[in-house]
There are 2 protein chains.
Amino acid sequence: MNQYYTQLLPYLERNHAYEAALALLSWDTETLAPPAASENTAKYVGILSEEAYHILICDEVESLLKKLSSKKEQETLSVSEQAVVRLLQKQFKKLSCIPPKEYREFSELCATAQTVYCRAKQNAKFEDFAPTLEKLVDYTRRFASYRAEKNDNLYDLLLDEYEEGFTTDILDDFFAKLREAIVPLMKQVIAKNDTIKKDYNTRNYPEDIQEGFCRFLSGYLGFDYNRGVIAESEHPFTTSLHNHDVRITNHYYSDNLESAMFSAIHETGHALYEMGVDDTLSGTPAGTGISMGMHESQSRFYENMIGRSKEFWEPLFPKLKATYPEELADVSLENFIAGINKAEPGPIRTEADELTYPLHIMIRYELEKDLIAGNCTVSDLPELWNKKYKDYLGITPKNASEGVLQDIHWSGASFGYFPSYALGSAIAAQLYHYMAQQIPVTDYLKEGNMVPIREFLRDHIHKYGAVYPTNELLKKVTGEEFNPDYYIRYLTEKYTKLYHL
Amino acid sequence: MNQYYTQLLPYLERNHAYEAALALLSWDTETLAPPAASENTAKYVGILSEEAYHILICDEVESLLKKLSSKKEQETLSVSEQAVVRLLQKQFKKLSCIPPKEYREFSELCATAQTVYCRAKQNAKFEDFAPTLEKLVDYTRRFASYRAEKNDNLYDLLLDEYEEGFTTDILDDFFAKLREAIVPLMKQVIAKNDTIKKDYNTRNYPEDIQEGFCRFLSGYLGFDYNRGVIAESEHPFTTSLHNHDVRITNHYYSDNLESAMFSAIHETGHALYEMGVDDTLSGTPAGTGISMGMHESQSRFYENMIGRSKEFWEPLFPKLKATYPEELADVSLENFIAGINKAEPGPIRTEADELTYPLHIMIRYELEKDLIAGNCTVSDLPELWNKKYKDYLGITPKNASEGVLQDIHWSGASFGYFPSYALGSAIAAQLYHYMAQQIPVTDYLKEGNMVPIREFLRDHIHKYGAVYPTNELLKKVTGEEFNPDYYIRYLTEKYTKLYHL
């Protein structure tokens, strides 16, 4: 092994111990920690983030990275090692321009911002969160400006953190195509919505029974309970300490059959990605999914392409009916499939159906872009939010809690993250198109054999962790870079058929 | 505030962030983490322990501690600040003589030792754990020898870590008194054991119902759910990140009514101690219970003096019967009180009744003392264990799992810890004696009013954290230092009355 690379490893290992501890603190806060703990936790997160920062952002690492970027040394590195160096250089570049004191203050702010946000959401008072959000926007802009070169668009720099190579230009084009295809399709669909009955969905489904069925579903898809756990939290999420410790959460509502089931499938898609990362990469900067968009492609692939298909439910529906014999007595497989795919515009992104979902993302994207560019202020957001919901989805949220405050991401300063949700669906459609050419996906689903599907994704995507950037990986698997046409075509065909348009 | 003390605070704060993260990693391992995570967790624990070590064991802290120990500076410190300096000096002295590399190796060994121990226990194979245990004994002896002065007894140095001021001489005397009083008392009791029926205890008590009742019990005693959480683990324990984040666990067995209930009461006793520590102390070296013995005095006080008394159950027994109407239909309060106090020698310490319990501790104490002194080897332990159980309790464990492997403590190198379990019961009896002279304890219990009891303990013990050493604190509360006579008298009177001897 290259001597400089060998010298780099102890830094990576130490840094990873902090990252794991920080991931655990965050997981614990979301799932279990007592309310009164949050103030101290924020302090710990600040301290440990700063210490982790100092491990990577130091003269020794800088010097090693410099040596490792020479052509001579690069040639002695494996593809994975090159990726680790590349990702580390990127991280170094991003962090080293931030003064440590500011980084610590920012980390502490994020840890408290979440609590402030949650209270504001509970009381549906945007003004209670606004001052914190302003600080978060300021830090985000300031940090991005530290690493910006002349003419750099700040929002492009943020996008690059979540989705390397995807700029405002590409996204503007993507969302324009989406808007053009989906808004009219949605109108046609809504007009025929009373042909689909789904009153079954809000009958009585006891939470502990749901939990059991969701646990079964995750295992059915390949979730490895030896390497992962499932807990409860306000909103479902996935986190990973390393590829042998992957955690998902869910939230069970006794008056909603779908919610937890599709969350379980979705989060399992994320978890399979993290569990599938090669052991040799785990714990390094390349030891996790390459990007938010690629991650979301895995969760959406399982949730939508697989989990909302008739073929998937063919072997499972009898078990579902047996789990809730009374509530589902009058529901046929055909009813159920129509129900879980029914499209209805609503105010809440996480409850949106597959068709209207990307419009929610588009709205957040447009607002974020303007906010970071300084074309609007934090205080403008609620009004702009409501206007866009009226324009694109035809609805008005009844308060800030189901409007601009609905999602937690901004409280963690995750600006530039949202577009990846829509990219994920589009990437999933592109992957699905090519996967179906190579393996008989629908046959496997009907047989209840999920193994070849998971193995295909593991061998083509998961095991590489963050070694290949999204477009490079897509080209390896599908022969072309990101192409939103598959997604537009998939949605159009699916909903045309489903609604007999 | 003293300038040197002020300079010390950032070191304490940083160190505490690590201690909290380490406590959380350990809690998580015991309650939730997936099995495959343990190898990496051990690595993280090693790394973070070493980093925490370097924060305190450095020239700056040494220099500040030296300045702060001068008479002139001491006079400017408050009692709490003096305690923090004293405790930190002790920790510094203990840690600074251990080479950092050895400390890290030792921390990693402890983290893996637990897994090795658990497997060995599962398979009842002492020989699988023996090599690890030998290493743990070696490290413990070596670390103690680093700080030993001429003529120091190594085991006394270990005892001092858990119970300052309590030496082998004091414990030898304590256990001799106990043995003399309890072994004959136990024989009288066993002879009359068929007068007490407790077959009710092993009827069917569903785990979720137990969990609910235990949750109620903890709250009844004053557990603050805003500052604490309860989870499940193989063995019940309490841990604390700080006074606003105190955590207890329990384990529910559907064929055992008592087990989880008394664990809940016991762990709540520990939790109330940690929750009661003054806010100004939390996060400092004085921000936790002073010693293992004093901690155990709080848990045992609640479990035995309070939780096994008739007065405690008078207002609660109707609720217990209503919770399990069929199983407890034929059980009267008198039956129940006799049942929960029934004394029967058995192989397992954690299942032992109040009377035989200290004999289990005595055996472990005798073995530890010999092991550390080099008077016996690890491989001698199983045979010695069985012999002592035969001699003192008249029983022979059927395998190593219910014999020498029954307790996890040695896998964490907690040698010198065990005696505190017996000291705790004795201290609890001493405290109870004096508390009853000052407040009408039994009246409060009958009224279901737990507040004055908790407040008495908080104001006299909890709030001080680790400011006063055990004997000093005992003298403040009871007017005398540790005196085992109250315990002997308490057990003799209780069992004489209970069994009509």
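Hi everyone, let me start inside one helix: A:F216 and A:Y220 both sit in helix 10 of chain A, which covers residues 207-221. They are four residues apart, about one turn of the helix. Before I go on, please keep in mind that this is a predicted model.

So how do we talk about two rings like these? A pair of aromatic rings is described by the distance of the centres and the angle of the planes. For A:F216 and A:Y220, the centres are 5.6 Å from each other and the planes make an angle of 45°, and this aromatic pair is tilted. Is A:F216 buried or exposed, or something in between? Its relative accessible area is 26%, so A:F216 is partly exposed, because buried would mean under 20% and exposed over 50%.

This pair has company. One aromatic cluster includes A:F216 and A:Y220 along with A:Y200, A:F213, A:F262, A:F312, A:W313, A:F317 and A:F336. And over all chains, a search of the whole structure finds 65 aromatic pairs.

Let's step back to chain A as a whole. How many helices and strands does chain A have? There are 21 helices and three strands. The radius of gyration of chain A is 23 Å, close to the 23 Å from the globule rule for 501 residues, so chain A is as compact as a globular protein of that length. If you turn the C-alpha trace along its principal axes, you will see a span of about 70 × 50 × 45 Å.

Of the 501 residues in chain A, 57% are buried. Looking at contacts in chain A with a separation of 6 or more, 75% are between residues 24 or more positions apart. On the outside, chain A exposes about 20300 Å², with carbon and sulfur atoms supplying 48% of that. As for charge, chain A carries 52 positive and 75 negative side chains, and the centres of these two sets lie 2 Å apart.

Now, a residue in a strand. A:D245 belongs to strand 3 of chain A, residues 245-250. With 1% relative accessibility, A:D245 counts as buried. Which residues does A:D245 touch, beyond those up to four places away in sequence? They are A:R227, A:T239 and A:S240, plus B:P34 and B:A37 from chain B.

That takes us over to chain B for my last stop. B:A422 lies in helix 18, residues 419-438, and at 0% relative accessibility B:A422 counts as buried. Setting aside neighbours within four places in sequence, B:A422 is in contact with B:F174, B:F175, B:I361 and B:Y487. Thanks for listening!

Notes:
Residues are numbered from 1 along each chain as its sequence is written. Chains are lettered from A and ligands numbered from 1 in the order in which they are written. This is a predicted model: local features need pLDDT of at least 70, side-chain atom pairs count only at pLDDT 80 or more; totals for chains, interfaces and linings use all residues. Side-chain values use heavy atoms; hydrogens and water are left out. Helices (H or I, at least four residues) and strands (E, at least two) are DSSP runs, numbered from the N terminus. The radius of gyration is taken over C-alpha atoms; the globule rule is 2.2 Å times the number of residues to the power 0.38. Buried means under 20% relative accessible area, exposed over 50%, partly exposed in between (1.4 Å probe, protein chains only). Contact means heavy atoms within 4.5 Å. Accessible areas come from the Shrake-Rupley method with a 1.4 Å probe; for residues, only the protein chains shown count as cover. Lys and Arg count as positive and Asp and Glu as negative; His and the chain ends are not counted. The place of a charge is taken as NZ of Lys, CZ of Arg, CG of Asp or CD of Glu. Rings of Phe, Tyr and Trp (its six-membered ring) pair if their centres lie within 6.5 Å; planes under 30 degrees apart count as stacked, over 60 as edge-to-face and the rest as tilted.
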